[in-house]
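Reader: Please take one part of this model and look at it closely, following it outward from a single point into its surroundings. I would like one connected account that I can read with the structure open beside me.

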Amino acid sequence: MSATRLDNIDRAIVNRLQQGLPVCDEPYQAVADELGISEKKLLKRIQQLLDDRLLTRFGPLFDAERLGGALSLCAMKIPLDRFDKVSEQVNAFDQVAHNYEREHLLNMWFVLATASAEEKNEVVREIESVTGHRVFDMPKEREYYVGLHLPV
Amino acid sequence: MSVCISRSEVDAEKETDSAELDRRIVFATQAGLPLVSRPYDELADRLGVSSERLQQRLRAMLADGRMRRIAAVPNHYRLGYVANGMSVWDVDDRCVDALGERVGALDFVSHCYRRPRHPPDWPYNLFAMVHAHDRDEARDKVERIAALLGDACRAHEVLFSKRILKKTGMRLRPD
């Protein structure tokens with residue numbers, strides 16, 4: 001199922017739920033009232049959207065750094081004939097939350113999520129030693145905006 | 001025997017309890033919020049606290065920013081946003097913060113950060129993720145950022161994602 005097969009109710013739900021669920025006794029009822037549907041229908045649709053993987057997740061979104069952890073964006077420049085092997089080596093680290101191949105000389109980009117800054121530095125060194133390639137560590141120095149809102 | 005506990009000791013104990021409960025809330029909700037009529041009651045039951053206390057802690061975490069919101073995370077690929085470009089910019093250090101705020105405020109930018117340069121391989125210090133339905137639309141959006149940055153920007157590139165190599169989401173582990 002893709003976006004083109006979402007009906008208007010699904011679209012309204014996806015758009016509304018990206019903005020946040022209230023904290024009250026019956027939060028789904030509150031959102032259902034806003035959308036003009038029943039609570040039962042809303043819950044069923046959210047489950048369906050999750051089952052169809054149109055939503056990755058539904059729940060509290062935490063700021064890992066404010067919880068005391070460390071996050072960093074890292075990049076590597078990997079020769080094409082080594083790419084799959086290195087990708088396997090990097091992905092084997094639990095601390096690698098996601099990893100993308102991008103079209104650039106720096107062609108591997110991943111996010112490290114660790115419990116502390118020390119652990120992050122340690123993992124960077126371990127990845128360099130396991131793969132034999134340099135890791136360009138690019139922790140955020142300042143956040144201007146975070147808040148994906150994709151209208152569907 | 002007199003038991004004398006100062007007010008600050010009581011407060012300190014409460015704070016420790018709250019911090020521990022907050023940690024447990026983080027782990028209990030990593031898989032998501034229960035899809036039932038009274039989700040906070042169910043979560044509170046699981047954690048052995050009252051729903052009122054749980055809701056109070058959720059509000060506290062939202063207020064101080066440890067929790068951004070309780071919301072849906074869309075799978076942008078499956079929702080038709082298949083052109084996801086990481087636009088990167090070499091912006092004058094003297095005005096990057098003021099300009100970063102303006103770029104971040106654009107409605108098609110989902111994340112906007114300042115990060116360290118690594119010259120000569122990597123001269124860029126401003127990152128803005130752009131989501132679009134196709135590459136032409138993404139490039140149009142990048143042009144709008146370029147216009148906003150003007151002369152303060154010396155160079156820029158857009159790195160499109162070619163393949164997802166791993167996506168597990170963030171997993172915070174107990175100590």
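**Around helix α3 of chain A**

Author: Just after α3(A), Arg53(A) adopts a positive phi of about 60 degrees, and this is a convenient place from which to look back along the helix, bearing in mind throughout that the model is predicted. Helix α3 of chain A, residues 39–51, contains 13 residues and extends 18 Å from its first C-alpha to its last, which is close to the 18 Å expected at 1.5 Å a residue.

Leu42(A), Arg45(A), Ile46(A) and Leu49(A) are the buried residues of this helix. Around the axis they cover an arc of only 100 degrees, and therefore they lie on the same side of α3(A). Lys40(A) and Asp51(A), by contrast, are exposed on the other side of the helix. As for what the buried residues meet, those of α3(A) pack against α1, α2 and β1 of chain A.

The first of those elements, α1(A), can be read in a similar way. In this helix, which spans residues 8–17 of chain A, the buried residues are Ile13(A), Val14(A) and Leu17(A). Seen down the axis of α1(A), the buried residues fall within an arc of 95 degrees, so they line one face of the helix. They pack against α2 (27–35), α3 (39–51) and β1 (55–62) of chain A, together with β1 (67–74) of chain B, and with that last element the account reaches the second chain.

Leu17(A) also appears in a wider setting, since the largest nonpolar core has 44 residues and Leu17(A) is among those that touch the most other members, a group that also includes Val103(B), Leu126(B) and Phe127(B). Apart from that core lies another, of 17 residues, including Cys74(A), Ile78(A), Val86(A) and Ile127(A). Returning to Phe127(B), and leaving aside residues up to four places away in sequence, this residue touches Met86(B), Val88(B), Cys112(B), Tyr113(B) and Arg115(B).

The contact between the chains draws 61 residues from chain A and 60 residues from chain B. On the side of chain A that touches chain B, the elements that each supply at least two residues include α1, α2, α3 and β1. Of these, β1(A) gives the most, with 8 residues. By class, this side of chain A comprises 32 nonpolar, 15 polar and 14 charged residues.

The strand pairing carries the same theme further. β1(A) pairs with β1(B) in the antiparallel sense over 7 bridges, and the bridge partner of Pro60(A) in β1(B) is Ile70(B). A second strand of chain A also crosses to the other chain, for 5 bridges join β3(A) to strand β5 (residues 153–167) of chain B, the two running antiparallel, with Tyr100(A) standing opposite Ile164(B). Within chain A, β3(A) pairs with strand β4 (residues 108–114) in the antiparallel sense over 5 bridges, where Glu101(A) stands opposite Met108(A), and these two strands form a hairpin with 5 residues between them.

Chain B, for its part, has 5 helices and 5 strands, which follow the pattern α-α-α-β-β-α-β-β-α-β along the sequence.

Key. Residues are numbered from 1 along each chain as its sequence is written. Chains are lettered from A and ligands numbered from 1 in the order in which they are written. This is a predicted model: local features need pLDDT of at least 70, side-chain atom pairs count only at pLDDT 80 or more; totals for chains, interfaces and linings use all residues. A nonpolar core is a set of buried Ala, Val, Leu, Ile, Met, Phe, Trp, Tyr and Cys residues joined through C-beta atoms within 7 Å. A residue is buried if 20 or more other C-beta atoms lie within 10 Å of its own, exposed if 12 or fewer, and partly exposed in between; C-beta atoms are placed from the backbone. Two residues are in contact if their C-beta atoms, placed from the backbone, lie within 7 Å. Helices (H or I, at least four residues) and strands (E, at least two) are DSSP runs, numbered from the N terminus. The arc is that of the directions from the helix axis to the C-beta atoms. The expected span of a helix is 1.5 Å times one less than its number of residues. Ala, Val, Leu, Ile, Met, Phe, Trp, Tyr, Cys and Pro count as nonpolar, Asp, Glu, Lys and Arg as charged, and the others, Gly among them, as polar. Two strands pair if DSSP finds at least two bridges between them.
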